[in-house]
Amino acid sequence: MPLSCTNPNCYPQDRECQEGCRPFNQCPNLSRNENAPDANPTEASTTELDGQRVNWTGSAMGLTDLQSLTARSRILLIGLVGMENAGKTTFLALLYSLLRRGQSINYYRFAGSYTLSGWELITSFLTFENGSNQVTFPPHTSRNAGRIPGLLHLALKNKADYLLDVVFTDAPGEWFNEWRSYRQADNAVGAEWIHHHGDGFLLFADCEELAGINRGITRTNIQMIADRLVVNLGSKPLGLVWSKSDVENTRPAMREKIQSHIQTKAPQHYQEFSVSVMQNDPQWHQQVLQAVGWLLDTIEHAADQQVPTIPLADTDDLFLLRRSVLV
Ligand SMILES: Nc1nc2c(ncn2[C@@H]2O[C@H](COP(=O)(O)OP(=O)(O)OP(=O)(O)O)[C@@H](O)[C@H]2O)c(=O)[nH]1
Ligand SMILES: [Mg+2]
């Protein structure tokens, strides 16, 4: 018999209780719908209860899951933006593979993650299995994954040993395809959310497509997405990632047009990076780390500059008057 909970942020179908009740089905906020068919039995077995001591699963997060993170620190949200197959998920898989091999993002050191299973899932495709030398790419990110992108978390420590919670969006390219032509489109809600909440962005330009027969359309699409991104960008950093840089640049004019198009928009903080899963050029992997490091540096630096304005002491206010006398 299906369960529902009075707490809108609780999902009893996950066999967990946001209030921490053990067993979860004993929570007083639960109600049972006796008439609805029981598609998903919810009685907890003893072994299941043993494994459910934490309020996260390790998989990519959704919006509700961000709440536990916001209690710890201000989250830095990095939006990965680009058309279908532009190489966004592969970039994230490459980032995690490099961290897993002990590399660091500039001087930011890996200090944990709430979504290790999510990272492992996308990265497993780029990893050699025992006894097999087959390496593939992560699967396409499905638009049916919901309106909110899969969110992958990294806890990093900066130079001052200060903990940063960084969340990367792994969203389907279709969202941005809709968003570039119509911001209010039904399927663009997720893209709009990323643009609104992102602290920094990486825009992916697919070098394979820019060298192929669809290069004209690809260039226009990238420029249209860039036009959307620069709206209200302010001091947020925007990085342009030339993904699949291993593909020969047979049409340099395409890339130059994109570069000058974005530069005419004069984003305050803008930089370009060339990346690839291939290892012909050691810079391609290093630039994955550098792109993220540059975003974090820029975001942190911008935050330092925001000194709150101190209101002038009002001499009619007895409290402030006393303080000013003491000083
Ligand atoms: N040659 C080359 N191909 C790559 C590289 N990275 C990704 N690809 C190819 O591009 C395809 C798409 O990569 P994804 O990372 O899934 O792209 P995405 O932007 O996440 O795509 P969506 O999830 O559909 O939005 C892969 O399946 C590979 O075939 C690269 O560095 N070099
Ligand atoms: Mg993807």
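Start by selecting helix 5 together with helix 8 (residues 215-229): the two pack at an angle of about 75 degrees, and their axes lie 9 Å apart. Helix 5 is therefore roughly perpendicular to helix 8. To see the contact itself, show the side chains of Phe176, Trp179, Arg180 and Ser181 on helix 5, then Asn221, Met224, Ile225, Arg228 and Leu229 on helix 8. Colour them by class and you will find five nonpolar, two polar and two charged residues. Keep in mind as you look around that this is a predicted model.

**A second partner for helix 5**

Leave helix 5 (residues 173-181) on screen and add helix 6 (residues 189-197). At what angle do these two axes cross? They cross at roughly 85 degrees and come within 7 Å. This makes helix 5 roughly perpendicular to helix 6. On the helix 5 side, pick Trp175, Phe176 and Trp179; on the helix 6 side, pick Gly190, Ala191, Glu192, Ile194 and His195. By class, this contact divides into five nonpolar residues, two polar and one charged.

Now look at helix 5 by itself. Its buried residues are Gly173, Glu174, Trp175, Phe176, Trp179 and Arg180. What covers them? The cover includes strand 3 (75-81), helix 3, helix 6 and helix 8.

**Helix 3**

Helix 3 is the next stop, so to speak: select residues 88-100. With 12 of its 13 residues buried, this helix is largely enclosed by the rest of the structure. The buried set runs through Lys88, Thr89, Thr90, Phe91, Leu92, Ala93, Leu94, Leu95, Tyr96, Ser97, Leu98 and Leu99. If you like using the distance tool, try the two end C-alpha atoms of helix 3: they are 19 Å apart, which agrees with the 18 Å that 13 residues should span at 1.5 Å a residue. Just beyond, look for glycine 102, which follows helix 3 and has a positive phi, near 95 degrees.

**Three serines**

Select serine 243, found in strand 8 (residues 238-243). Is serine 243 buried or exposed? At 2% relative accessibility, it counts as buried, under the 20% cut-off. Show what surrounds serine 243: setting aside residues up to four places away in sequence, it touches Ala86, Phe204, Ala205, Asp206, Cys207 and Val275.

For another setting, move to serine 117 in helix 4 (residues 116-123). Serine 117 has 38% relative accessibility and so counts as partly exposed. Leaving aside neighbours within four places in sequence, serine 117 is in contact with Thr57, Gly58 and Ser59. Follow the link to serine 59: the two residues are 58 apart along the chain, yet their C-alpha atoms are separated by 5.0 Å.

**Out in the loops**

Select asparagine 280, in the loop between strand 9 (270-274) and helix 10 (282-305). Asparagine 280 is exposed, having a relative accessible area of 64%. Add aspartate 246 to the selection: it is 34 residues from asparagine 280 along the chain, and their C-alpha atoms are separated by 7.6 Å.

Two further loop residues are worth a click for their backbone angles. Most residues other than glycine have a negative phi. Aspartate 161 has a positive phi of about 65 degrees although it is not a glycine. Look for aspartate 161 in the loop between strand 5 (150-157) and strand 6 (163-170), where it counts as partly exposed at 46% relative accessibility. Alanine 266, also not a glycine, has a positive phi of about 50 degrees. You will find alanine 266 in the loop between helix 9 (252-264) and strand 9, and at 56% relative accessibility it counts as exposed.

**Zooming out**

Finally, show the whole protein. Its secondary structure comes to 11 helices and nine strands, and buried residues make up 42% of its 327 residues. Of the contacts with a separation of 6 or more, 72% join residues 24 or more positions apart.

Colour by pLDDT to finish. The average is 83, and 78% of the residues score at least 70. Residues 44-51 fall below 50, and beyond near neighbours in sequence this stretch has eight contacts in the model. Where pLDDT is low, the predicted coordinates should not be read in detail.

Definitions and conventions:
Residues numbered from 1 in each chain as written. Chains lettered and ligands numbered in written order. Predicted model: local features only at pLDDT ≥ 70, side-chain atom pairs only at ≥ 80, totals over all residues. Heavy atoms only, no water. Helix = DSSP H or I, 4+ residues; strand = E, 2+ residues; numbered from the N terminus. Buried < 20%, exposed > 50% of the residue type's maximum accessible area, 1.4 Å probe, protein only. Contact = heavy atoms within 4.5 Å. Expected span 1.5 Å × (residues − 1). pLDDT = per-residue confidence, 0-100. Axes fitted to C-alpha atoms, helices over the stretch in contact; angles between N-to-C directions. Parallel < 35°, antiparallel > 145°, perpendicular 65-115°, else oblique. Nonpolar A, V, L, I, M, F, W, Y, C, P; charged D, E, K, R; others polar.
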